[in-house]
Amino acid sequence: MLGVFSSSIVSPPEELVAAGSRTPSPKMTAAALRKWFEEKNPSAVSVEVGEHVQLAYTHQNESPFQPRSFAVKDEVFCLFEGALDNLGNLRQQYGLAKSTNEVLLVIEAYKALRDRAPYPANHVVGHLSGSFAFIVFDKSTSTLFVASDQYGKVPLYWGITADGYVAFADDAELLKGACGKSLASFPQGCFYSTAVGGLMCYENPKNKITAVPANEEEIWGATFKVTMKFNI
């Protein structure tokens with residue numbers, strides 16, 4: 001799956017900008033990245049949301065235990081990869097039909113967060129159990145919400161394209177070709193929300209997330225780590 005967002009939606013993380021500046025490397029534009037994704041995956045489905053958002057996914061080479069899905073409801077777009085172990089309980093919690101799948105569940109969970117503010121964002125993701133990574137874009141508020149499960153069972157990466165777009169994908173090689181050294185693995189157990197101002201750990205929201213510059217020989221420009229906070 002692939003989600004690409006202009007700087008009008010999300011500000012490029014400073015750590016990834018610095019990584020690309022420290023070790024210059026070839027990059028491609030957001031439009032070229034999407035075209036490359038479609039060329040690699042002839043059966044891909046892609047969607048443009050206005051002028052600043054591009055979403056795409058494919059069932060090609062997906063794991064039967066971690067399928068990819070896409071849905072739109074009430075101007076909320078969602079790409080989801082993985083499976084939730086507690087889907088049945090979550091359907092009951094949100095009052096949803098038994099036919100509701102993971103991607104629709106995440107949309108409803110997001111809407112509950114948005115409409116019942118100040119409902120903590122970490123509570124929504126913290127209630128999800130299983131293997132997952134998802135990208136939510138709310139067109140009505142131009143809000144981006146991205147998350148990965150606490151064990152990183154579904155790979156997720158993010159980087160910056162040549163024209164300054166922030167890209168998220170489950171394919172590291174795809175982003176490596178588009179983002180060069182402005183690339184990192186999305187930290188497990190974390191979410192990124194433009195509504196709350198950036199990257200947070202949903203199990204321990206008060207813990208600080210730091211970016212450690214990578215060695216020259218690594219494909220990553222930086223590694224994001226959650227720093228444990230201890231009470232003395």
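**Notebook: Thr 143 and the chain around it**

I began with Thr 143 and found its place in strand 7, which covers residues 143-148. I note at the outset that I am working from a predicted model, and that every value below is computed from it.

I next asked whether Thr 143 is buried or exposed. Its relative accessible area comes to 11%, and because the cut-off for buried is under 20%, I entered Thr 143 as buried.

I then looked up its side-chain partner, and found that a polar contact of 2.8 Å links the side chain of Thr 143 with that of Thr 141. Leaving aside residues up to four places away in sequence, I listed Tyr 110, Val 136, Phe 137, Asp 138, Thr 194 and Ala 195 as the residues that Thr 143 touches.

Turning to the whole protein chain, I counted six helices and 14 strands in its secondary structure. Its radius of gyration is 17 Å, close to the 17 Å that the globule rule gives for 232 residues, so I recorded the chain as being as compact as a globular protein of that length. The C-alpha trace spans about 55 × 50 × 35 Å along its principal axes.

For the packing, I noted that 49% of the 232 residues count as buried, and that, among contacts with a separation of 6 or more, 60% are between residues 24 or more positions apart.

For the surface, I wrote down an exposed area of about 11,000 Å², of which carbon and sulfur atoms supply 50%. My last entry concerns charge: the protein chain carries 20 positive and 24 negative side chains, and the centres of these two sets lie 4 Å apart.

Methods
Residues are numbered from 1 along each chain as its sequence is written. This is a predicted model: local features need pLDDT of at least 70, side-chain atom pairs count only at pLDDT 80 or more; totals for chains, interfaces and linings use all residues. Side-chain values use heavy atoms; hydrogens and water are left out. Helices (H or I, at least four residues) and strands (E, at least two) are DSSP runs, numbered from the N terminus. The radius of gyration is taken over C-alpha atoms; the globule rule is 2.2 Å times the number of residues to the power 0.38. Buried means under 20% relative accessible area, exposed over 50%, partly exposed in between (1.4 Å probe, protein chains only). Contact means heavy atoms within 4.5 Å. Accessible areas come from the Shrake-Rupley method with a 1.4 Å probe; for residues, only the protein chains shown count as cover. Lys and Arg count as positive and Asp and Glu as negative; His and the chain ends are not counted. The place of a charge is taken as NZ of Lys, CZ of Arg, CG of Asp or CD of Glu. A polar contact is a pair of N or O atoms within 3.5 Å; within protein, one must be able to donate a hydrogen and the other to accept it, and residues adjacent in sequence count only if both atoms are side-chain atoms.
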